[in-house]
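Hi,

Here is the structure I promised to pass on to you. Have a look at it first, and then read on for what turned up.

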Amino acid sequence: MRASSRGPRQAPRSPVVGRGAREPRLCLSALGLLPAHQPWRAGLPEEVIRDVRRDIAEFFKLPLEAKKACAQLPDDIQGYGQGFVFSETQKLDWADMIYLKLRPMESRSMRFWPAQPPSFRNSVDRFSTEVAKVTSSLLRSMAVDMGVEPERLLEKFGGQPQTMKVTYYPPCRRASDVLGLSPHTDACAVTLLLHVNDVQGLQIRRDDGKWHAVEPLEGAFIFIVNVGDTLERSS
């Protein structure tokens, strides 16, 4: 999946795959519409998503000096700042970011976890726990659809790190001249993307080379699932 702030023509809506009372179901054959990209009704407790959305929004409303309390350090992507800065002359994305390592627990560096708003750390911790459950269920369903044992993908990817990257796009008077996030693919196994609000900007590029906008879907509890490079190459 690649993202940018530009706005080519709208793509048709992707089918939404639901999560039942027991196990989620994901039919990979449905990915033909928008390859490697699928909406997912996650089944997380409503208050978990509501709280993490609220605290993320509140964090980015803080004054710059308050946000800089958890600023990135040289040669470390964790914390608040800009992602993937390689030189002083490069063209930066029009976006602020906070990047946190969530799992395993010992990988967490609380120096980068915002203390404001006060509920931020607890909200992200609960969110991390629930997302780990959803990811395990998702990998099981994907394995079944691939024709292998349900635990096969979990055995391969279950111990991989869990990280959270939150990207905020400030208002821009010349929005057509900038990229919120440069074109990229995700190097991980699976990305679960949650829209915090209804701001558009996410795009994917299909096999025909054309970019298509991904509209924020109605409903508070829907993830966009992206198959990352690691899983794609492994399968």
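Of the contacts in the protein with a separation of 6 or more, 68% are between residues 24 or more positions apart. Please keep in mind while you read that this is a predicted model.

Here is the overall layout. The protein has 5 helices and 8 strands, and from the N terminus on the elements run β-α-α-β-β-α-α-β-β-β-β-β-α. Of the 235 residues, 39% are buried. The accessible surface comes to about 13300 Å², and carbon and sulfur atoms contribute 52% of that.

Let me start with the open sheet. Three strands make it up, in the order β2-β3-β4, and their pairing is antiparallel. The edges are taken by β2 and β4 (162-168), each with a single partner strand, so one side of each has no neighbour in the sheet. On average, neighbouring strands here are turned by 15° against each other, direction ignored. Between β2 and strand β3 (residues 96-103) there are 3 bridges, again in the antiparallel sense. If you would like a spot to look at, Gly79 has Tyr99 in β3 as its bridge partner.

Two helices lie across this sheet. Helix α1 crosses β2, β3 and β4 and runs at about 135° to β3. Helix α3 lies across β3 and β4, at about 60° to β3.

The aromatic rings come next. The structure holds 5 aromatic pairs. One of them is Phe59 with Tyr80: the ring centres are 5.9 Å apart and the planes stand at 80°, which is over the 60 degrees cut-off, so the pair counts as edge-to-face. Because Phe59 sits in helix α1 (residues 46-61) and Tyr80 in strand β2 (residues 79-81), this pair ties together parts that are 21 residues apart in sequence. Phe59 and Tyr80 are both buried.

Phe59 also pairs with Phe120, and this pair is tilted, with 6.0 Å from centre to centre and 50° between the planes. Here too distant parts of the chain are linked, with Phe59 in helix α1 and Phe120 in helix α3 (residues 120-145), 61 residues apart. Phe120 is buried, as is Phe59. Taken together, ring pairs join Phe59, Phe60, Tyr80, Phe120 and Tyr168 into a cluster.

Now for a strand outside that sheet, β8. How many of the residues of strand β8 are buried? The count is 6 of the 6 (residues 222-227), so the strand is largely enclosed by the rest of the structure. In a regular strand, side chains alternate between the two faces of the sheet. In β8 both faces are covered: Ile222, Ile224 and Asn226 are buried on one side, and Phe223, Val225 and Val227 are buried on the other. Strand β5 (residues 190-194) runs antiparallel to β8 and is joined to it by 5 bridges. Within this pairing, Thr191 stands opposite Asn226 of β8.

You may wonder about the cysteines. A search of the whole structure finds 0 disulfides. Cys70 has a relative accessible area of 4%, so it is buried. Cys188, at 31%, is partly exposed.

Finally, here are two individual residues to click on. Glu130 lies in helix α3. Its relative accessible area is 18%, and because the cut-off for buried is under 20%, Glu130 counts as buried. Leaving aside residues up to four places away in sequence, Glu130 touches Leu44, Pro45 and Val48.

The other one is Leu154, which lies in helix α4 (residues 152-157). Leu154 counts as buried too, at 16% relative accessibility. With residues up to four places away in sequence again left out, Leu154 touches Ser136, Leu139 and Arg140. The C-alpha atoms of Leu154 and Ala143 are separated by 8.6 Å, and these two residues are 11 residues apart along the chain.

If you open the model with one place in mind, try Phe59, which is in the ring cluster with Phe60, Tyr80, Phe120 and Tyr168. After that, turn to β8 and its 5 bridges to β5.

Happy viewing, and best wishes

Conventions
Residues are numbered from 1 along each chain as its sequence is written. This is a predicted model: local features need pLDDT of at least 70, side-chain atom pairs count only at pLDDT 80 or more; totals for chains, interfaces and linings use all residues. Side-chain values use heavy atoms; hydrogens and water are left out. Buried means under 20% relative accessible area, exposed over 50%, partly exposed in between (1.4 Å probe, protein chains only). Helices (H or I, at least four residues) and strands (E, at least two) are DSSP runs, numbered from the N terminus. Two strands pair if DSSP finds at least two bridges between them. Rings of Phe, Tyr and Trp (its six-membered ring) pair if their centres lie within 6.5 Å; planes under 30 degrees apart count as stacked, over 60 as edge-to-face and the rest as tilted. Contact means heavy atoms within 4.5 Å. Accessible areas come from the Shrake-Rupley method with a 1.4 Å probe; for residues, only the protein chains shown count as cover. Axes are lines fitted to C-alpha atoms, for helices over the stretch in contact, and angles run from 0 to 180 degrees between N-to-C directions. A disulfide is a pair of cysteine sulfur atoms within 2.5 Å.
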